[in-house]
Amino acid sequence: MGEVTANHKRIAQHLERAFGRPFAVRDYSLDQPPLHVDVLSCPDAPVEGVTSYSTIGLFETELPIAPVAKGALSPRIELAGACSSQHPEFANVLASCAFRMMRGAGAYHPGALIEGFVAEYFPDSTVPHVFF
């Protein structure tokens, strides 16, 4: 499990306020290359039968989102989404996307997508991609 920093705690507290419910956090890790991200899950938010999810820790990765002026910080993000509570493996979709982003694959901006990451876990999904 990765180190829980003050920033991680602030993000979790913000998400708890945003989702309005208690939450659980699960650790996701890869050995090669060594990567780590947490995924927070909040059942019955925003409504009963739906679980909201968010990464915690992706913000630590500098992402190729947009050109950044010399000396400026690059944009940092977390991923969030919601799914029927009958499909807790949706957390794996977010973790897999975060790992792809951490590896530096692709550029991320409104309108971008990560192809096939939903379909990998939900082959019959009518929305097979992750959209930004």
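A residue counts as buried under 20% relative accessible area, exposed over 50% and partly exposed in between (1.4 Å probe, protein chains only). The model shown here is predicted, so local features need pLDDT of at least 70 and side-chain atom pairs count only at pLDDT 80 or more, while totals for chains, interfaces and linings use all residues. Residues are numbered from 1 along each chain as its sequence is written, and side-chain values use heavy atoms, with hydrogens and water left out.

**View 1. The open sheet, strand by strand.**
Four strands line up in the order 1-2-3-4 to make an open sheet with antiparallel pairing. (Strands are DSSP runs of E, at least two residues, and helices are runs of H or I, at least four residues, both numbered from the N terminus; two strands pair if DSSP finds at least two bridges between them.) Strand 1 (24-30) and strand 4 (80-84) sit at the edges with a single partner strand each, so one side of each has no neighbour in the sheet. From one strand to the next, the twist averages 25 degrees. (Axes are lines fitted to C-alpha atoms, for helices over the stretch in contact, and angles run from 0 to 180 degrees between N-to-C directions.)

**View 2. Pairings and hairpins.**
Begin with strand 1 and strand 2, which pair antiparallel over 7 bridges. Ser29 stands opposite His36 of strand 2 here, and a hairpin of 4 residues carries the chain from strand 1 to strand 2. Next come strand 2 and strand 3, antiparallel again and joined by 6 bridges. Their hairpin has 6 residues between the strands, and Asp44 in it takes a positive phi near 60 degrees. Finally, strand 3 (residues 50-56) and strand 4 run antiparallel with 5 bridges. Two residue pairs to look for: Tyr53 stands opposite Gly81, and Val50 stands opposite Ser84.

**View 3. Ser54, tucked away in strand 3.**
Strand 3 is mostly covered, with 6 of its 7 residues buried. Ser54 lies in this strand and is itself buried, at a relative accessible area of 2%. What is the bridge partner of Leu40 in strand 3? It's Ser54. A polar atom of the Ser54 side chain also lies 3.2 Å from the backbone oxygen of Leu79. (A polar contact is a pair of N or O atoms within 3.5 Å; within protein, one must be able to donate a hydrogen and the other to accept it, and residues adjacent in sequence count only if both atoms are side-chain atoms.) Neighbours within four places in sequence aside, Ser54 is in contact with Leu15, Asp38, Val39, Leu40, Glu78, Leu79, Ala80 and Leu94, where contact means heavy atoms within 4.5 Å.

**View 4. Helix 1 and Ile11.**
Helix 1 (residues 6-19) packs on the sheet, touching strand 2 (35-43) and strand 3, and its direction makes about 160 degrees with that of strand 3. Ile11 belongs to this helix and is partly exposed, with a relative accessible area of 21%. Outside its neighbours within four places in sequence, Ile11 is in contact with Ile56, Phe59 and Glu78. For scale, Ile11 and Met101 are 90 residues apart in sequence and 19 Å apart in space, C-alpha to C-alpha.

**View 5. Helix 2 across the sheet.**
Helix 2 (residues 90-102) lies across strand 1, strand 2, strand 3 and strand 4, running at about 150 degrees to strand 2. How many of the residues of helix 2 are buried? The count is 11 of its 13, including Phe90, Leu94, Cys97, Phe99 and Met101. The helix length checks out too: at 1.5 Å a residue its 13 residues should span 18 Å, which agrees with the 19 Å between its end C-alpha atoms. (The expected span is 1.5 Å times one less than the number of residues.) After helix 2 comes Gly104, with a positive phi near 85 degrees.

**View 6. The salt bridge.**
Searching the whole structure turns up 1 salt bridge, meaning a side-chain nitrogen of Lys or Arg within 4 Å of a carboxyl oxygen of Asp or Glu. Arg76 forms it with Glu62, their closest N and O atoms being 3.9 Å apart. Both residues sit in the loop between strand 3 and strand 4, 14 residues apart. Arg76 is partly exposed at 36% relative accessibility, whereas Glu62 is exposed, with a relative accessible area of 58%.
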